[in-house]
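Let us take a walk through this chain together. The sequence and the model come up next, so have a look around before reading on.

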Amino acid sequence: MTCSQIPPLQKQCLAMVDRYTQRFFTQVSLLKPHHICKSLNLCQPPLHSQGNCDACHDTVSQLLPKLKDPQTKLKIIRLLLKECKSLNNYQDKCKKMVFEYGPLMLADLENFLEKKDVCSILGVCPTHSFYVLPAALADS
């Protein structure tokens, strides 16, 4: 939506947003939480259990409707803007990026959570597990 507000640069803007959004989610999908935890000595290796897997899917199912709520999106944008204040010399650039890319990233996150089995990507569920969103969430 932001790109449409700058017609002379709309195509370049959309291409850049697509490229960086894809890169971001590709990198997120490559992260292996158990490697991060192990290297930082923060946690034990993840336990693949049906209970953990079910709990993860329940969490994603509860998160999606909240993420679709405009009030939640607004709260997230406000929180990001608040954090920009800590960047001193880069505060204005940070705010500009939040306004330009925040809504797009939230929409992409929503799409990502709907189409990918995040729990398998995060290592909570076996990679061969198959998860289907409840119909009410998939249709909304």
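What follows is a short tour of the fold, the disulfides, the core, one helix pair and a few single residues.

## Overall fold

Please keep in mind that this is a predicted model. The secondary structure of the chain consists of seven helices and zero strands. Read from the N terminus, the order of elements is therefore simple to write down: α-α-α-α-α-α-α, with seven helices and zero strands. Of the 140 residues in the chain, 24% are buried. Among contacts with a separation of 6 or more, 65% are between residues 24 or more positions apart.

## Disulfides

How many disulfides does the chain have? The count comes to three disulfides. The table sets them side by side.

| Pair | S to S distance | Angle about the S-S bond | Handedness |
|---|---|---|---|
| Cysteine 53 and cysteine 125 | 2.0 Å | 110° | right-handed |
| Cysteine 56 and cysteine 119 | 2.0 Å | -95° | left-handed |
| Cysteine 84 and cysteine 94 | 1.9 Å | -70° | left-handed |

Let us take these pairs in turn. Cysteine 53 is bonded to cysteine 125 through sulfur atoms 2.0 Å apart. This pair links distant parts of the chain, with cysteine 53 in helix 3 and cysteine 125 in the loop between helix 6 and helix 7 (135-139), 72 residues apart. Both ends of the link, cysteine 53 and cysteine 125, are buried.

The next disulfide joins cysteine 56 to cysteine 119. Because cysteine 56 sits in helix 3 and cysteine 119 in helix 6, the pair ties together parts that are 63 residues apart in sequence. Here too, cysteine 56 and cysteine 119 are both buried.

The remaining disulfide is formed by cysteine 84 and cysteine 94. It links cysteine 84 in helix 4 with cysteine 94 in helix 5, and the two are 10 residues apart. Cysteine 84 is buried, as is cysteine 94.

## The nonpolar core

In soluble globular proteins, nonpolar side chains tend to be buried together. The largest nonpolar core in this model has 17 residues, and Ile77, Val98, Leu113 and Cys119 touch the most other members. At least two residues of this core come from each of helix 3 (50-68), helix 4 (70-84), helix 5 (91-115) and helix 6 (118-121).

Which residues does leucine 113 touch, not counting residues up to four places away in sequence? Its partners on that count are Val60, Leu63, Leu64, Leu67 and Val118. Cys119, another of the core residues that touch the most other members, is also the disulfide partner of cysteine 56.

## Helix 4 against helix 5

Two packed helices are described by the angle between their axes and the distance between the axes. The axes of helix 4 and helix 5 come within 9 Å and cross at roughly 150°. An angle over 145 degrees counts as roughly antiparallel, so that is how helix 4 and helix 5 are arranged relative to each other. Their crossing is right-handed.

Which residues make the contact between helix 4 and helix 5? From helix 4 come Lys73, Ile76, Ile77, Leu80, Leu81 and Cys84. From helix 5 come Gln91, Cys94, Lys95, Val98, Phe99, Gly102, Pro103, Leu106 and Glu110. Cys84 and Cys94, both in this contact, are also the two ends of a disulfide. Ile77 and Val98 take part in the contact as well, and both are among the core residues that touch the most other members.

## Single residues to visit

Is phenylalanine 99 of helix 5 buried or exposed? Phenylalanine 99 has a relative accessible area of 52%, and the cut-off for exposed is over 50%, so this residue is exposed. Its C-alpha atom is separated by 9.9 Å from that of arginine 78, and the two residues are 21 residues apart along the chain.

Alanine 107 also lies in helix 5. With 37% relative accessibility, alanine 107 counts as partly exposed. Alanine 107 and lysine 73 are 34 residues apart in sequence, while their C-alpha atoms are 9.4 Å apart in space.

Our last stop is asparagine 88, in the loop between helix 4 and helix 5. Asparagine 88 has a positive phi of about 40°, although it is not a glycine. At 59% relative accessibility, asparagine 88 counts as exposed.

Terms used
Residues are numbered from 1 along each chain as its sequence is written. This is a predicted model: local features need pLDDT of at least 70, side-chain atom pairs count only at pLDDT 80 or more; totals for chains, interfaces and linings use all residues. Side-chain values use heavy atoms; hydrogens and water are left out. A nonpolar core is a set of buried Ala, Val, Leu, Ile, Met, Phe, Trp, Tyr and Cys residues joined through side-chain atoms within 4.5 Å. Buried means under 20% relative accessible area, exposed over 50%, partly exposed in between (1.4 Å probe, protein chains only). Helices (H or I, at least four residues) and strands (E, at least two) are DSSP runs, numbered from the N terminus. Contact means heavy atoms within 4.5 Å. A disulfide is a pair of cysteine sulfur atoms within 2.5 Å. Axes are lines fitted to C-alpha atoms, for helices over the stretch in contact, and angles run from 0 to 180 degrees between N-to-C directions. Angles under 35 degrees count as roughly parallel, over 145 as roughly antiparallel, 65 to 115 as roughly perpendicular and the rest as oblique. A crossing is left-handed if the near helix is turned anticlockwise from the far one by less than a right angle, and right-handed if clockwise.
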